[in-house]
Amino acid sequence: MGDRGWRVSAWPTIRELAAELADDRLDGAACTGRASLFDAEVDGEDDTDRAYRLDAAARICHDCPVLVACNITARELGGQAVGVWAGRARGVPRPHGRPKAGAA
Ligand code: SF4
């Protein structure tokens with residue numbers, strides 16, 4: 001994988017911390033070590049790059065052995081579960097220029 005300017009950090013991300021706090025249900029997660037791919041936002045990323053990245057993350061989820069447990073965990077975390085969880089993007093910024101659903 002080439003360098004796309006994604007943030008790389010030695011510090012655990014919110015997702016990794018949440019996974020540790022949740023319990024052992026997410027052991028064996030396919031996203032282990034790939035947290036930045038699943039984050040809601042990445043510095044310097046435009047709407048198109050975000051859409052491709054989140055789609056790639058969601059495809060990884062489809063083969064994840066803990067998909068069901070991840071979905072349960074995400075529901076338990078509510079608004080704290082941001083980024084891609086269980087194949088679904090949650091709490092990610094809307095693309096620029098796109099109105100809220102239901103806006104007139
Ligand atoms: S379903 Fe996706 S976000 Fe959840 S643990 Fe698996 S790879 Fe990670």
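Start by selecting Arg 53, Leu 54, Ala 57 and Cys 61: these residues of α3 are buried. Look down the axis of α3 and you'll see why they belong together: its buried residues stay within an arc of 95 degrees, so they line one face of the helix. Keep in mind as you click around that this is a predicted model.

**Around α3**

Now turn to the other side of α3 and pick Thr 48, Tyr 52, Asp 55 and Arg 59, which are exposed. What do the buried residues of α3 pack against? Show α2 (35-38), α4, β1 and β2, and you have the answer. For a close-up, stay on Ala 57: leaving out residues up to four places away in sequence, Ala 57 touches Leu 37, Phe 38 and Val 84.

While α3 is on screen, try a quick check of its length. With 15 residues at 1.5 Å a residue, α3 should span 21 Å, and its end C-alpha atoms are indeed 21 Å apart, so the two agree.

**Over to α4**

Next, select Cys 70, Thr 73 and Ala 74, the buried residues of α4. They sit on the same side of α4, because they cover an arc of only 100 degrees around the axis. Swing round to the face turned away from that buried side and you'll find Val 68, Arg 75 and Glu 76, which are exposed. Just after α4, click Gly 78, which takes a positive phi of about 60 degrees.

**The core**

Time to colour the largest nonpolar core, which has 14 residues. Those with the most contacts inside this core are Ala 29, Ala 57, Cys 70, Ala 74, Val 84, Trp 85 and Ala 86. α3, α4 and β1 each give the core at least two residues. Which element supplies the largest share of this core? That's α3, with three residues.

**The ligand**

Switch on the ligand and select its surroundings: there are 14 residues in all, and the closest are Ala 29, Cys 31, Cys 61, Cys 64 and Cys 70. At least two residues of the shell come from each of α3 (47-61), α4 (67-77) and β1 (83-85). Colour this shell by residue type and you get 14 nonpolar residues, with no polar and no charged ones. Some names should ring a bell: Cys 61 is one of the buried residues of α3, and Cys 70 is one of those of α4.

**A stop at Ala 86**

Find Ala 86 in the loop between β1 and β2 (88-90). Is Ala 86 buried or exposed? It is buried, because 20 other C-beta atoms lie within 10 Å. Check its backbone too: Ala 86 has a positive phi of about 50 degrees, though it is not a glycine. Most residues other than glycine have a negative phi.

Now add Asn 71, which lies in helix α4. Asn 71 and Ala 86 are 15 residues apart in sequence, but 5.1 Å apart in space, C-alpha to C-alpha. Asn 71 counts as partly exposed, because it has 16 C-beta neighbours inside 10 Å.

**Zoom out**

Finish with the whole chain in cartoon view. Its secondary structure comes to four helices and two strands, and along the sequence they follow the pattern α-α-α-α-β-β. Of the 104 residues, 19% count as buried. Among contacts with a separation of 6 or more, 63% join residues 24 or more positions apart.

Key:
Residues numbered from 1 in each chain as written. Predicted model: local features only at pLDDT ≥ 70, side-chain atom pairs only at ≥ 80, totals over all residues. Near = placed C-beta within 6 Å. Nonpolar A, V, L, I, M, F, W, Y, C, P; charged D, E, K, R; others polar. Core = buried A, V, L, I, M, F, W, Y, C linked by C-beta atoms within 7 Å. Buried ≥ 20, exposed ≤ 12 C-beta atoms within 10 Å, placed from the backbone. Contact = placed C-beta atoms within 7 Å. Expected span 1.5 Å × (residues − 1). Arc of directions from axis to C-beta.
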